[in-house]
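Welcome! Please take a moment to look over the sequence and the model, and then we can walk through a few of its parts together.

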Amino acid sequence: MSSTLVRPAAVAGGFYTGDAAQLAAEVDAMIAAVTATGPAPKALVVPHAGHVYSGPIAASGYALLRDAARSIRRVVLLGPAHRVSVRSMALSGAGAFRTPLGDVPIDAELQAVATRCAGVVVDDRAHGPEHSLEVHLPFLQRILDPGWTLLPVVVGGASPAEVAALLDAVWGGSDTLVVISSDLSHYEPYEHAARHDRATAAAIVDGRLEDLDPHDACGAHPVRGLLEVARRRHLDVALLDLRSSGDTAGDRRQVVGYGSFAVGDLVTDSNPVPGADAADAGAADSAAGGVSDGDLALLLDIAEAAIGARVRGKRAPRPDAPAHLQRPGAAFVTVRRTSGDLLGCIGSLEARRPLAEDVAANALAAAFADPRFSGVTAADLADAELHVSVLTPTEPMDVRSRDELRAAVRPGIDGLLIESAGHRGTFLPSVWEQLGDVDTFLDHLWSKAGLRPGTWPHDLRVWRYGTVEAGRRFHVR
């Protein structure tokens with residue numbers, strides 16, 4: 001790396017204004033317009049179009065850095081290659097990156113660490129015309145205190161494992177921020193793009209990196225690597241903002257989608273969920289590994305507190321739950337109108353995180369990231385019901401035909417999960433209330449999984465599971 005070479009601004013005057021005073025004022029105004037508060041994230045996923053289009057969405061992430069501005073001294077910035085082909089990942093040989101607001105020095109120590117990672121090369125051709133990193137620098141220059149250093153990485157076709165290995169190597173502590181640059185859908189009609197982006201946002205929030213590709217997000221490769229690290233480190237992923245150019249500065253015939261996401265320990269220790277003492281008292285009534293009525297009441301409190309905080313523009317409180325609800329568990333959270341109309345339903349089939357945290361995360365996903373719906377509002381919650389279903393472990397079913405499955409399944413008791421050639425679908429036991437007979441239940445399940453009803457693929461696998469469920473009307477506060 002050359003300590004004297006400066007990579008000049010390539011898109012100033014295009015993607016954002018080249019006038020320093022105007023640029024500072026515009027960025028400050030976008031950040032000031034964000035009222036949400038919460039703990040500073042370890043990482044952000046933010047969009048990289050022209051500031052007039054994606055800037056307000058990106059600002060929803062950068063605004064969360066206000067309280068950590070003095071402590072963040074290093075920024076690891078990854079974005080996709082748009083102009084020059086990159087096989088895996090490319091660093092810059094420059095000593096600094098320039099914007100109208102000044103020069104940002106490259107972090108020589110992180111650069112040296114990164115060069116030892118598989119697939120990483122130094123290639124300034126990839127950086128020269130690239131906008132996906134540059135458009136974020138003015139936000140970082142305005143929100144962080146002076147003196148921070150940068151590791152810029154242009155990502156091509158790197159695998160999640162390669163990106164994750166680089167991120168792990170430069171992860172650092174609270175002084176290091178990771179920023180992943182990515183837009184979402186590209187040049188689709190407004191309503192189609194909104195549905196597509198909700199599905200993509202749900203996959204990101206749920207950590208389903210295998211469900212993301214460059215058709216969903218141009219920065220899919222670095223995003224997938226970050227999600228792999230988040231999965232291993234048990235970090236939360238929260239959706240902050242989800243809009244498109246049709247909402248900001250463009251027409252709605254063809255839009256580009258933008259989302260901002262925070263990654264880290266995102267729930268707060270303050271504002272504990274009410275009811276914990278009652279749940280502790282009732283824990284003795286639980287069977288070993290079971291869930292009592294008191295537990296379910298507390299889990300409903302946790303789900304409601306998470307959703308209620310988000311509609312008020314705040315962070316979800318940290319679940320305050322007894323030790324037995326901090327063991328790994330899997331749950332679904334459902335939000336419905338009191339009329340029965342579904343507003344969102346998201347859940348986990350495997351116990352990968354503490355049950356209380358799983359309920360809080362799935363409550364947010366059900367209310368705000370179910371790709372079938374546009375997200376709940378405070379008005380929706382005034383006439384809504386909340387349901388939590390805690391799952392028993394899945395049990396494989398040794399069935400080889402539809403007739404065998406029909407004979408083995410227990411209506412009203414069994415939830416079913418089916419999988420074939422990448423197609424997957426599940427119905428909770430509560431779905432029997434709407435689809436009472438076995439054939440109707442199975443036909444709808446097959447359709448949900450993307451399989452033709454009545455067929456039995458040669459690789460079909462079937463599991464059953466049970467649930468313990470509770471629900472109540474949402475308590476609007």
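How do helix 11 and helix 12 lie to each other: parallel or oblique? Keep in mind while looking that this is a predicted model.

## Two helices that cross

Start with helix 11, residues 293-311, and helix 12, residues 355-368. Their axes come within 8 Å and cross at roughly 45°. Angles under 35 degrees count as roughly parallel, and 65 to 115 as roughly perpendicular. The two helices are therefore oblique to each other. As for its hand, the crossing of helix 11 and helix 12 is right-handed.

Which residues meet here? From helix 11 come Leu299, Ile302, Ala303, Ala306, Ile307, Arg310 and Val311. Helix 12 brings Leu355, Ala356, Val359, Ala360, Ala363, Leu364, Ala367 and Phe368 to the contact. Sorted by class, the residues in this contact of helix 11 with helix 12 are 14 nonpolar, no polar and one charged. A general point helps in reading such lists: an α-helix has 3.6 residues a turn, so residues three or four places apart point the same way.

## The sheet beside helix 12

Helix 12 has strands as neighbours too. This helix lies across strand 14, strand 15 and strand 17 (384-391), and runs at about 35° to strand 14. These strands belong to an open sheet of four, in the order 15-14-17-22, with antiparallel pairing. At its edges are strand 15 (342-347) and strand 22 (467-473), each of which pairs on one side only. On average, neighbouring strands of this sheet are turned by 10° against each other, direction ignored.

Now look at one pair in that sheet. Strand 14 (residues 331-337) and strand 15 run antiparallel and are joined by five bridges. Val335 has Gly344 in strand 15 as its bridge partner, and Arg336 stands opposite Leu342 in strand 15. The two strands form a hairpin with four residues between them, and Gly340 in the turn has a positive phi of about 105°. Is strand 15 enclosed or open to the outside? Five of its six residues are buried, so strand 15 is largely enclosed by the rest of the structure.

## A strand covered on both faces

Strand 19 (residues 415-420) is another place to pause, as six of its six residues are buried. In a regular strand the side chains alternate between the two faces of the sheet. Here, Gly415, Leu417 and Glu419 are buried on one side, while Leu416, Ile418 and Ser420 are buried on the other.

Which strands does strand 19 run antiparallel to? One is strand 21 (residues 461-465), joined to strand 19 by five bridges, with Ile418 opposite Val462. Another is strand 20 (residues 423-427), also joined to strand 19 by five bridges, with Glu419 opposite Arg424. Strand 19 and strand 20 make a hairpin with two residues between the strands, where Ala421 takes a positive phi near 50°.

## A three-stranded sheet and its loop

Toward lower residue numbers, you can find an open sheet of three strands in the order 1-5-6, with mixed pairing. Strand 1 (6-7) and strand 6 (102-105) stand at the edges with a single partner strand each, so one side of each has no neighbour in the sheet. Strand 1 pairs with strand 5 (residues 96-99) in the parallel sense over two bridges, and Arg7 stands opposite Phe97 in strand 5.

The loop between strand 5 and strand 6 holds Leu101. With 27% relative accessibility, Leu101 counts as partly exposed. Setting aside its neighbours within four places in sequence, Leu101 is in contact with Ala20, Leu23, Ala24, Pro138, Gln141 and Arg142. From Leu101 to Ser60 there are 41 residues in sequence and 21 Å in space, C-alpha to C-alpha.

## Helix 6 and its cover

The last stop is helix 6 (residues 160-170), where Pro160, Glu162, Val163, Ala164, Leu166, Leu167 and Val170 are buried. What covers these buried residues includes strand 3 (74-80), strand 4 (89-91), helix 3 (108-115), strand 8 (149-155), strand 9 (176-181) and helix 8 (220-233). After helix 6 comes Gly172, which has a positive phi near 65°.

Methods. Residues numbered from 1 in each chain as written. Predicted model: local features only at pLDDT ≥ 70, side-chain atom pairs only at ≥ 80, totals over all residues. Heavy atoms only, no water. Axes fitted to C-alpha atoms, helices over the stretch in contact; angles between N-to-C directions. Parallel < 35°, antiparallel > 145°, perpendicular 65-115°, else oblique. Left-handed = near helix turned anticlockwise from the far one by under 90°. Contact = heavy atoms within 4.5 Å. Nonpolar A, V, L, I, M, F, W, Y, C, P; charged D, E, K, R; others polar. Pairing = 2+ DSSP bridges. Buried < 20%, exposed > 50% of the residue type's maximum accessible area, 1.4 Å probe, protein only.
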